[in-house]
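User: Hello! I would like a close look at the part of this model around the bound molecule, and then a walk outward into what lies about it.

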Amino acid sequence: MTYDVAAVRAQFPALAEGAAHFDAPGGSLVPEPVGAAVAGTLTAAIANRNEFTAAERHAEAVVRECRSALADLLGADPAGVVFGRNMTQLTYDTARTLAKAWGPGDEVVVSRLDHDANVRPWVQAAAATGATVRWADFDPETGELEPARVAAAVLSDRTRLVAVMAASNLIGTRPDIPAIADLAHAAGALLYVDGVHYAAHVSVDVGALGADFFVCSPYKVLGPHCGVLAARPDLLERLRPDKLLPATDAVPERYELGTLPYELMAGCTAAGWARPAASASASRPTWTPRTWPACSTPSRTWWAAPTASPVPAIHR
Ligand SMILES: Cc1ncc(COP(=O)(O)O)c(C=O)c1O
């Protein structure tokens, strides 16, 4: 396959500025179809999600397509894709939700390899509940975070959660996540994986990694500024994030506070289309305004009263 560099470069308006960009932490440059999808969705008729008017169906379709595109990117179930402002916000929210089941005697494992966005939310959630934080060290000679070190140093039957990154943004090492997942699960703990750096370099398969939660930032992978968390829908069903009373109890919606940023979601879908790896010669879909199919009978209600049923604790 020939890789037409000029054709790929032409998709990135920012390159016309003439500067070379090496600012990976700031995110990737954004291809033109992503910008067009964001602007087009923002200025189109769009309303709250529902099935009665074209504007409502537009919003509904944008959300559905975005979950599907992100699930594709991550090898995840669209019903377990939670959209958020960025990885940091999603991790704080998840930490607060999981910590509802923690107390003194429970333990949380974080690593010294990790970005603070996958450390501080857990440290602060543990402090708020009296849980203990255990630190997994990486080998200073190699920069590797060996699964055996995690197991020997910090895992126990009191461990509730292990938080670790799949690739280091600082030194590039990649912990063996499937092995750490096996160890965490054997100890009865959940595994929360920071995939922000990893997802920008590796084809992700959340199931194969064994992550209970996998979180990353589409703005590092050609997308708009936002974050995404993938988890098994049945796990999301067992947790109770804080939310407004009239907001839906459905999963994954109950994790997404307030109105979703539809334009950013449309940008994420377009970023999937625009990935250069797909093939430089393949015709690139362009974003066009759409009309949404008519639907006479609403099939579900977005507004739902909270259930009264007790929530099972997230212990082993
Ligand atoms: C490895 C890693 N994790 C987490 C983050 C935080 O991501 P966000 O800006 O989406 O909160 C970053 C940001 O650069 C990162 O590099």
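How many residues surround the ligand, and which are the closest?

Analyst: Happy to help, and please keep in mind that this is a predicted model. The ligand is surrounded by 13 residues, and the closest are Asn86, Met87, Thr88, His115 and Ser217. Two elements give two or more residues to this shell: helix 4 (87–98) and helix 8 (196–199). Sorted by class, the shell has 7 polar residues, 5 nonpolar ones and 1 charged one.

Let us follow helix 4 away from the ligand. This helix packs with helix 5 (residues 120–129), the two axes being 9 Å apart and at an angle of about 25°. An angle under 35 degrees counts as roughly parallel, so helix 4 and helix 5 are roughly parallel. Their crossing is right-handed. On the helix 4 side, the contact is made by Thr91, Tyr92, Ala95 and Arg96, which meet Pro121, Trp122 and Ala125 of helix 5. By class, the residues of this contact are 5 nonpolar, 1 polar and 1 charged.

Next comes the sheet. It is an open sheet of 7 strands with mixed pairing, and the strand order reads 1-7-6-5-4-2-3. Strand 1 (81–84) and strand 3 (132–136) stand at its edges; each has a single partner strand, so one side of each has no neighbour in the sheet. On average, and with direction ignored, neighbouring strands are turned by 20° against each other.

Within the sheet, strand 5 (residues 190–194) and strand 6 (residues 213–216) run parallel and are joined by 3 bridges. One pairing you can find on your screen is aspartate 194 with its bridge partner in strand 6, valine 215.

Strand 5 also leads us to another helix. Helix 7 lies across strand 4 (159–165) and strand 5, and runs at about 155° to strand 5. Helix 7 (residues 177–186) has a helix partner too: its axis and that of helix 6 (residues 147–154) come within 9 Å and cross at roughly 25°. Helix 6 and helix 7 are therefore roughly parallel to each other, and their crossing is right-handed. Here Pro147, Val150 and Ala151 of helix 6 meet Ala179, Ile180 and Leu183 of helix 7. This contact has 6 nonpolar residues, with no polar and no charged ones, whereas the contact of helix 4 with helix 5 includes 1 polar and 1 charged residue.

Finally, two spots in the loops deserve a look at the backbone. In the loop between strand 6 and strand 7 (227–231) lies leucine 222. Its phi is near 75°, a positive value in a residue other than glycine. Further along, the loop between helix 10 (233–237) and helix 11 (262–274) holds proline 252. The peptide bond leading from valine 251 to proline 252 is cis, with omega near 5°.

To return to your starting point, Ser217 is among the closest residues to the ligand, as are Met87 and Thr88, and helix 4 is one of the elements giving two or more residues to the shell.

Notes: Residues are numbered from 1 along each chain as its sequence is written. This is a predicted model: local features need pLDDT of at least 70, side-chain atom pairs count only at pLDDT 80 or more; totals for chains, interfaces and linings use all residues. Axes are lines fitted to C-alpha atoms, for helices over the stretch in contact, and angles run from 0 to 180 degrees between N-to-C directions. Helices (H or I, at least four residues) and strands (E, at least two) are DSSP runs, numbered from the N terminus. Angles under 35 degrees count as roughly parallel, over 145 as roughly antiparallel, 65 to 115 as roughly perpendicular and the rest as oblique. A crossing is left-handed if the near helix is turned anticlockwise from the far one by less than a right angle, and right-handed if clockwise. Two residues are in contact if their C-beta atoms, placed from the backbone, lie within 7 Å. Ala, Val, Leu, Ile, Met, Phe, Trp, Tyr, Cys and Pro count as nonpolar, Asp, Glu, Lys and Arg as charged, and the others, Gly among them, as polar. Two strands pair if DSSP finds at least two bridges between them. A residue is near a molecule or strand if its C-beta atom, placed from the backbone, lies within 6 Å of it.
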